[in-house]
Amino acid sequence: MTRPRFATGLGAVLSFIGLAVGLGNVWRFPYMVGAFGGGAFLLVYLVILVAFGIPALLAELTLGRMTQRGPMGAFARVGIPGGRLIGWLLFVTVMMALSYYTVVVSWVLRYFVISVTGEITGIDPQEFFDGALLSFSGQLVMTVIVIVLMAAVLFLGIRRGVERVSKVGMPILFVLLLILVVRSVTLPGAGEGLRYYLLPDFSQMNAGVIAAAVGQVFFSLGLGGTFVVTYASYLPATINLKRTALTIGFGETLASVLAGFVIVPAAVAFGLELSSGPQLTFVTAPGIFAHMPAGAAFAGLFFGLLFFAAFLSDVAAFEVLVAAVRDEFGWARPQAVLLFGIGTLLLGSVGMASLDYVLTSDLLWGSIMQPVGSVLALIALGWVVGRGRLLEEVNRGNDGRKVGWLWVAWLKYVIPSAIVIILVLGVVDLFERFFG
């Protein structure tokens with residue numbers, strides 16, 4: 001079976017940014033900022049991104065291009081003991097994450113629809129949110145629409161589907177974000193929100209904040225030995241992986257920071273609750289637009305861009321599963337897409353019935369299992385693949401300063417150790433914050 005390839009370097013980079021920029025940036029990042037100390041969380045996030053996120057991203061790009069496989073085959077190909085079992089574990093992780101993520105994407109679609117109709121400025125945000133979650137049939141209809149749209153993109157394949165949609169949509173997404181940022185930061189009273197967002201309160205920094213930031217970095221970048229590895233397996237040898245990793249990291253971070261500028265100042269300006277957790281986007285944001293001139297139009301822009309960003313990340317998750325069964329069992333793409341579309345709908349029915357399930361799943365499969373998956377990828381590269389082979393692969397297509405032994409040592413010793421320590425120290429604190 002001939003492996004598909006991205007057609008252009010720009011298309012590949014925009015596809016990776018589309019993979020990374022999703023609910024993790026526009027939905028999850030603002031509520032994590034609100035729940036974990038504002039500027040303190042932002043500062044820790046940026047430090048972890050540079051120290052751990054981008055080096056780990058470069059490693060996963062290398063693993064995917066080196067093995068030409070998604071997680072099901074990549075770990076086995078590098079020769080790590082239990083590689084196929086690791087692949088199956090990460091496969092299940094993606095499938096379970098998809099089960100709640102797709103449901104949340106359907107919420108976004110619902111809010112986009114009521115924004116376009118103008119209904120959003122006349123609702124009671126909390127009452128509507130609670131009612132929407134109580135409506136199993138309403139969630140089911142929207143989830144089916146999301147799955148059908150994703151199937152349409154995946155049927156077209158990597159070049160005609162994923163790459164083409166990303167090349168058109170990602171520039172539009174950033175333009176919409178900038179428009180919303182300008183509207184938010186110019187609201188009367190937005191200055192207090194900007195101070196909360198940008199000035200760190202060091203008394204807020206603790207193991208829970210650090211663990212939350214680690215989870216957010218890995219969630220936002222799509223790390224975890226799955227999404228990035230799969231997309232990287234479609235990269236040609238001429239692509240500069242170092243430059244690609246830096247560009248993806250910059251694009252993802254820009255989207256997160258801009259989303260924070262949209263939500264945080266506006267929420268503070270209108271005296272709305274910032275620490276409301278996952279409800280921040282669905283309860284606080286409509287309250288913001290209800291107070292804002294031309295609120296329905298701005299709500300349409302916001303939920304439209306949020307839906308598109310979330311949709312591309314959902315497509316990436318589906319592609320991980322599709323690529324796995326195509327690589328392992330030789331399935332045809334339409335057959336695989338149909339199977340996982342039905343499976344996602346069945347698993348997602350649990351999330352449609354329970355917000356607690358969505359929250360618990362987000363912590364388990366997002367904040368915990370994605371860093372764990374990335375650690376496994378780092379171990380596979382750093383401890384199993386020889387340094388010479390690793391540096392040869394990461395520097396293929398690199399016509400500038402080469403990646404050297406320090407990066408290998410960093411991903412071999414420092415990043416995995418730091419992630420494990422941070423997770424152990426912070427996971428109890430995280431669960432106590434949300435469920436204590």
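**Entry 1: helix 2**

I began with burial in helix 2 and found Leu-23, Gly-24, Asn-25, Val-26, Trp-27, Arg-28, Phe-29, Pro-30, Tyr-31, Met-32, Val-33 and Gly-34 buried. I note here that the model is a predicted one. Since 12 of the 13 residues of helix 2 are buried, I recorded this helix as largely enclosed by the rest of the structure.

I next looked up the course of the helix. Helix 2 covers residues 23-35 and bends by about 35 degrees at Phe-29. I noted that a proline, Pro-30, follows the bend within four residues. After the helix comes Gly-37, and I read its phi as positive, near 95 degrees.

**Entry 2: helix 2 against helix 9**

I turned to the packing of helix 2 with helix 9, which spans residues 207-221. The angle between the two is about 170 degrees, and their axes lie 10 Å apart. An angle over 145 degrees counts as roughly antiparallel, so I entered helix 2 as roughly antiparallel to helix 9. On the side of helix 2, the contact is made by Gly-24, Asn-25, Arg-28, Phe-29 and Met-32. Helix 9 contributes Ala-212, Gly-215, Gln-216, Phe-219 and Ser-220. Sorted by class, I have 4 nonpolar, 5 polar and 1 charged residues in this contact. I connected this with the first entry: Phe-29, where helix 2 bends, is also one of the residues that meet helix 9.

**Entry 3: the nonpolar core**

I asked which residues touch the most other members of the largest nonpolar core. They are Phe-41, Phe-302, Phe-303 and Trp-407, in a core of 165 residues. Helix 13 gives the most to this core, namely 21 residues.

I followed Phe-303 further. Setting aside neighbours within four places in sequence, I found Phe-303 in contact with Val-108, Tyr-111, Phe-112, Ser-115, Ile-120, Thr-281, Ala-285, Pro-286 and Phe-289.

**Entry 4: Thr-62 and Ser-166**

I looked up Thr-62, which sits in helix 3. Its relative accessible area is 0%, so I listed Thr-62 as buried. Beyond residues up to four places away in sequence, Thr-62 touches Leu-241, Leu-390, Glu-393, Val-394 and Trp-407. Trp-407 is already in my notes as a core residue.

Ser-166 belongs to helix 7, which runs over residues 136-185. With 1% relative accessibility, Ser-166 also counts as buried. Its contacts, leaving out neighbours within four places in sequence, are Leu-14, Ser-15, Pro-171 and Leu-312.

**Entry 5: two residues with positive phi**

I then examined two residues other than glycine that have a positive phi. The phi of Gln-68 is near 60 degrees, and that of Ala-294 is near 55 degrees. I placed Gln-68 in the loop between helix 3 (39-67) and helix 4 (71-78). Ala-294 lies in the loop between helix 12 (280-291) and helix 13 (295-329).

Is each of these buried or exposed? Gln-68 has a relative accessible area of 17% and is therefore buried, whereas Ala-294, at 51%, is exposed.

**Entry 6: Glu-392**

I closed with Glu-392, found in helix 16 (residues 387-394). At 57% relative accessibility, Glu-392 counts as exposed. I compared its position with that of Met-66: the two are 326 residues apart in sequence, yet their C-alpha atoms are 9.9 Å apart in space.

Note on methods: Residues are numbered from 1 along each chain as its sequence is written. This is a predicted model: local features need pLDDT of at least 70, side-chain atom pairs count only at pLDDT 80 or more; totals for chains, interfaces and linings use all residues. Side-chain values use heavy atoms; hydrogens and water are left out. The bend at a residue is the angle between axes fitted to the seven residues ending there and the seven starting there. Buried means under 20% relative accessible area, exposed over 50%, partly exposed in between (1.4 Å probe, protein chains only). Axes are lines fitted to C-alpha atoms, for helices over the stretch in contact, and angles run from 0 to 180 degrees between N-to-C directions. Angles under 35 degrees count as roughly parallel, over 145 as roughly antiparallel, 65 to 115 as roughly perpendicular and the rest as oblique. Contact means heavy atoms within 4.5 Å. Ala, Val, Leu, Ile, Met, Phe, Trp, Tyr, Cys and Pro count as nonpolar, Asp, Glu, Lys and Arg as charged, and the others, Gly among them, as polar. A nonpolar core is a set of buried Ala, Val, Leu, Ile, Met, Phe, Trp, Tyr and Cys residues joined through side-chain atoms within 4.5 Å.
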